[in-house]
Amino acid sequence: MRKQIAAANWKMNLTYQQGEQLLDDILNAKIALKDHQLTIFAVPFPYLIMANSEITDEKNYFIAAQNCYSKKSGAYTGEVSVEMLKSIGIKYCVLGHSERREYFSESNQLLAEKINICLSLDIIPIFCCGEPLAIREAGTQNSFVETQLKESLFHLSSEQLTQIIIAYEPIWAIGTGKTASTEQAQEIHAYLRSVLAKQYGKATADSISILYGGSVKSNNAKELFGCPDVDGGLVGGASLIANDFIQIIKALK
Ligand code: PEP
């Protein structure tokens with residue numbers, strides 16, 4: 001079975017102490033994850049070491065960075081390299097979140113570079129894609145997300161592609177309380193998988209986890225994760241509340 005994943009995206013929220021408390025509260029729930037289930041916390045850079053030490057003894061719990069830079073090292077003041085992440089034991093990195101695309105002008109081409117540098121150091125990218133409202137209203141969301149995949153991922157070998165997690169996040173549903181319906185989520189996830197299958201073959205496409213993101217809450221997670229092509233979620237707001245995120249982890253297939 002494909003990996004089913006509950007990924008928390010804390011964004012630029014919580015103090016160090018609040019973050020530590022939140023992790024404690026979630027881990028104290030002692031949710032035993034099955035072999036095919038993962039929980040990943042994408043936390044701010046200054047909390048990575050603390051968060052990683054909190055989860056060291058927990059099976060299938062991991063920590064992710066929310067971003068990294070596209071260059072190996074050098075005179076890039078304020079940036080964080082993949083080598084730095086690797087050196088503190090981080091295994092995952094969120095790339096191409098719509099907030100990075102929008103506020104920091106991250107292009108599909110830049111994201112291809114970030115994907116490459118992550119893979120070169122065995123950091124697993126959680127690659128985000130998804131359309132803005134105007135594209136959804138125009139009904140052209142499929143070709144929009146297809147282009148995002150093609151321009152950032154399709155230079156990879158099949159073996160490299162299988163290292164990646166994809167998160168489909170319609171921008172109109174992020175932080176808005178507006179969730180894609182299960183039909184909308186399943187339809188576009190199946191489409192994304194078919195695009196991967198056309199390029200890489202069905203077996204490869206079937207092995208890749210595609211998460212849904214956009215106002216996943218404790219009361220809709222089960223229904224969304226129940227869709228055959230939805231392999232869990234990337235969760236912002238609801239991942240900041242221990243009881244809510246606990247319910248979301250429990251909703252994994
Ligand atoms: C996100 O941050 O990726 C996200 C989906 O946020 P929210 O769950 O708050 O919509």
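**Close-up 1. Surroundings of Glu131 in the predicted model.** Leaving aside neighbours within four places in sequence, Glu131 is in contact with Arg136, Gln141, Phe144, Val145, Tyr168, Glu169, Pro170, Ile171, Trp172 and Ile188. Glu131 sits in the loop between β5 and α6 (133-138), and with a relative accessible area of 0% it counts as buried, because that term applies to values under 20%. Two of the contacting residues also make polar contacts with Glu131 through their side chains: one of 2.7 Å joins the side chains of Glu131 and Tyr168, and one of 2.8 Å joins those of Glu131 and Trp172. Ala221, which is 90 residues from Glu131 in sequence, is 21 Å from it in space, taken from C-alpha to C-alpha.

**Close-up 2. The ligand and its shell of residues.** The ligand is surrounded by 14 residues, of which Lys11, Glu169, Gly175, Ser215 and Gly236 are the closest. Glu169, which is also among the residues in contact with Glu131, has a side-chain N or O atom 2.6 Å from an oxygen atom of the ligand. Ser215 places a backbone N or O atom 2.8 Å from a ligand oxygen atom, and a backbone N or O atom of Gly236 likewise lies 2.8 Å from an oxygen atom of the ligand. Of the 290 Å² of accessible area that the ligand has on its own, the protein covers 97%. By residue class, the shell around the ligand divides into 4 nonpolar, 8 polar and 2 charged residues.

**Close-up 3. Helix α5 (residues 108-120) and the elements that cover it.** The end C-alpha atoms of this helix of 13 residues are 18 Å apart, which agrees with the 18 Å that it should span at 1.5 Å a residue. The buried residues of α5 are Asn108, Leu111, Ala112, Lys114, Ile115, Ile117, Cys118 and Leu119. Their cover includes the helices α3 (82-87), α4 (98-103), α7 (141-153) and α8 (158-161), together with the strands β4 (92-95) and β5 (124-129). Just after α5, Asp122 takes a positive phi of about 60°.

**Close-up 4. Ala242 in helix α12 (residues 242-250).** Ala242 has a relative accessible area of 13% and is therefore classed as buried, since this value is under 20%. When residues up to four places away in sequence are not counted, Ala242 touches Leu22, Asp25 and Ile26. Tyr92 is 150 residues from Ala242 along the chain, and the C-alpha atoms of these two residues are separated by 21 Å.

Methods. Residues are numbered from 1 along each chain as its sequence is written. This is a predicted model: local features need pLDDT of at least 70, side-chain atom pairs count only at pLDDT 80 or more; totals for chains, interfaces and linings use all residues. Side-chain values use heavy atoms; hydrogens and water are left out. A residue is near a molecule or strand if one of its heavy atoms lies within 4 Å of it. A polar contact is a pair of N or O atoms within 3.5 Å; within protein, one must be able to donate a hydrogen and the other to accept it, and residues adjacent in sequence count only if both atoms are side-chain atoms. Accessible areas come from the Shrake-Rupley method with a 1.4 Å probe; for residues, only the protein chains shown count as cover. Ala, Val, Leu, Ile, Met, Phe, Trp, Tyr, Cys and Pro count as nonpolar, Asp, Glu, Lys and Arg as charged, and the others, Gly among them, as polar. Helices (H or I, at least four residues) and strands (E, at least two) are DSSP runs, numbered from the N terminus. The expected span of a helix is 1.5 Å times one less than its number of residues. Buried means under 20% relative accessible area, exposed over 50%, partly exposed in between (1.4 Å probe, protein chains only). Contact means heavy atoms within 4.5 Å.
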